[in-house]
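Hi,

Here is the structure I promised to pass on. Have a look at it first, then read my notes below.

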Amino acid sequence: METIKYLLSEDRLPETWYNIAADLPSLPPPPLHPATGQPIGPADLAPLFPMELIRQEVSTERAIPIPDEVRSIYRQWRPTPLFRARRLERALDTPARIYYKYEGVSPAGSHKPNTAVAQAYYNKQEGVRRLVTETGAGQWGSSLAFAGALFGLEVEVFMVKVSYEQKPYRRALMETYGARVIASPSMETAAGRAILAQNPESTGSLGIAISEAVEVAVQRDDTRYALGSVLNHVLLHQTVIGQEAMIQMEMAGDYPDVVVGCTGGGSNFAGIAFPFIGAKLRGERPLRVVAVEPAACPSLTKGKYAYDYGDTAHLTPLVKMHTLGSSFIPPGIHAGGLRYHGMAPLVSHLLEIGIIEAIAIQQLETFAAGVQFARTEGILPAPEANHAIAGVIREALRCKEEGKSEVILFNLCGHGHFDLQAYMDYQAGKLRDYEYSDAEVAMALAGLPAVGA
């Protein structure tokens with residue numbers, strides 16, 4: 001009998017998060033204060049985050065304990081299943097063995113609750129009453145709204161306007177969980193009003209939405225900011241994915257030759273890849289790791305590795321990352337969760353020191369991959385996850401050409417049940433590809449801050 005899925009019991013749920021900082025040959029450059037250009041300290045971050053998350057942000061300990069209350073909530077959907085994509089393998093006629101970790105079984109339908117629950121817990125412990133955040137596709141906003149409901153926290157979400165209009169059902173889910181959702185840019189903040197004054201038709205960006213959320217967060221002592229990707233503590237919380245996958249791959253009697261993940265800010269990529277990269281860095285097992293990003297927002301493949309702001313209004317610290325410039329506003333592709341101008345500093349650092357690879361794939365190829373996956377595996381992927389699937393298909397076809405039976409693992413980070421309009425537009429031929437010329441990239445990078453070069 002061919003095994004399709006590999007399941008872990010609740011008692012196999014990881015007890016710690018894995019911190020890749022412990023195994024890196026060198027640490028990424030530190031965040032800088034935007035006013036002084038000097039490394040920031042805990043006091044600089046205290047208006048935004050609870051102290052325990054600040055400690056996790058700078059920690060170099062390999063294992064960070066997961067609080068019992070967080071693990072108790074995780075057990076509602078974790079451990080998540082690992083699947084062998086046997087029907088996709090046959091459709092591709094590839095000797096490769098393809099596995100995927102499926103995070104769409106969470107209440108919010110994606111990997112994002114892994115950090116949303118942790119962040120809500122630590123904020124509640126510190127007496128915070130309200131969380132403010134941004135969201136692109138709505139997966140993060142839905143997850144924080146879910147976590148806020150569990151811990152009795154008010155949640156406000158600034159949702160990138162193009163996604164606010166494209167994905168009304170994500171908005172409805174957030175509101176059902178009790179969150180207030182505002183289209184960004186909005187008239188509720190100075191940052192939003194300034195953007196709308198310049199361009200009343202602005203479709204928004206994650207950088208703009210972050211500016212609005214941060215501005216609101218610092219105005220009240222009972223309010224903190226929560227971020228769904230990019231920062232070290234967020235990536236840390238996602239490593240439950242890869243840790244479970246390592247056990248499940250052992251159950252399958254396999255180990256990946258290639259790990260593939262879609263990348264926007266870096267959270268789901270880190271979740272699946274970091275534990276395996278850690279094993280590679282410790283000399284335990286070799287493997288290739290491929291980050292797949294949209295050609296319409298190519299921070300890793302066309303961006304510059306430099307200090308930049310995480311938001312458009314320059315309210316956040318400067319972090320060294322692969323960036324397209326904080327003023328960059330990507331086109332309204334349907335993979336809203338990948339439309340961010342920068343990449344997580346840890347992911348950027350791994351690319352810079354040659355530990356991972358990065359490729360960019362066009363929108364039409366990713367949706368073709370998602371449709372093929374749905375027709376073979378039965379799961380409709382989120383548009384973001386389609387990028388990973390497209391990368392996997394490329395790797396599988398390479399194996400076919402080379403006659404190699406390699407093992408490929410990827411993270412199916414969420415389902416696409418709230419993204420049906422995107423699939424309808426694809427089937428109707430309304431979607432198109434976007435390509436940035438070198439001149440356009442240079443223009444987007446022209447405004448980088450002249451610090452910490």
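**What I found**

The protein chain has 19 helices and 15 strands. Keep in mind that this is a predicted model.

Let's start with the whole chain. Its C-alpha atoms fit a box of roughly 60 × 50 × 45 Å along the principal axes. The radius of gyration is 20 Å, and this agrees with a compact globule, because a globule of 453 residues would come out near 22 Å. Of those 453 residues, 64% are buried. If you take contacts between residues at least 6 apart in sequence, 77% of them join residues at least 24 apart.

Now for the inside. The largest nonpolar core holds 90 residues, and W17, Y74 and F274 are the ones that touch the most other members. Which helix gives the most to this core? That would be α13, with eight residues. There is also a second, separate core of 29 residues, with F83, L92, I98 and I361 among its members.

Helix α13 is worth a closer look. It runs over residues 267–281, so to speak a stretch of 15 residues, and spans 20 Å from first C-alpha to last, close to the expected 21 Å. Try following its axis on your screen: there is a kink of about 45° at A273, shortly before the proline P275. Is the helix mostly covered or mostly open? Mostly covered, with 13 of its 15 residues buried. Just after α13 comes G283, which has a positive phi of about 80°.

F274, from the core above, has plenty to show too. Skipping its neighbours within four places in sequence, F274 is in contact with Y18, I20, L235, T239, F269, L346, V347 and L350.

One last spot: T80. You'll find T80 in the loop between α3 (68–74) and β4 (82–84). Why does T80 count as buried? Because its relative accessibility is 1%, and the cut-off for buried is under 20%. The side chain of T80 also makes a polar contact of 2.7 Å with the side chain of E103. Apart from residues up to four places away in sequence, T80 touches K101, Y102, E103, V105, E244 and Q248.

If you only have a few minutes, I'd go to the kink at A273 and then to the T80 and E103 pair.

Cheers

Definitions and conventions:
Residues numbered from 1 in each chain as written. Predicted model: local features only at pLDDT ≥ 70, side-chain atom pairs only at ≥ 80, totals over all residues. Heavy atoms only, no water. Helix = DSSP H or I, 4+ residues; strand = E, 2+ residues; numbered from the N terminus. Expected span 1.5 Å × (residues − 1). Bend = angle between axes of the 7 residues up to and from the residue. Buried < 20%, exposed > 50% of the residue type's maximum accessible area, 1.4 Å probe, protein only. Polar contact = N/O pair within 3.5 Å; in protein donor to acceptor, adjacent residues only side chain to side chain. Contact = heavy atoms within 4.5 Å. Core = buried A, V, L, I, M, F, W, Y, C linked by side-chain atoms within 4.5 Å. Rg over C-alpha atoms; globule rule 2.2 N^0.38 Å.
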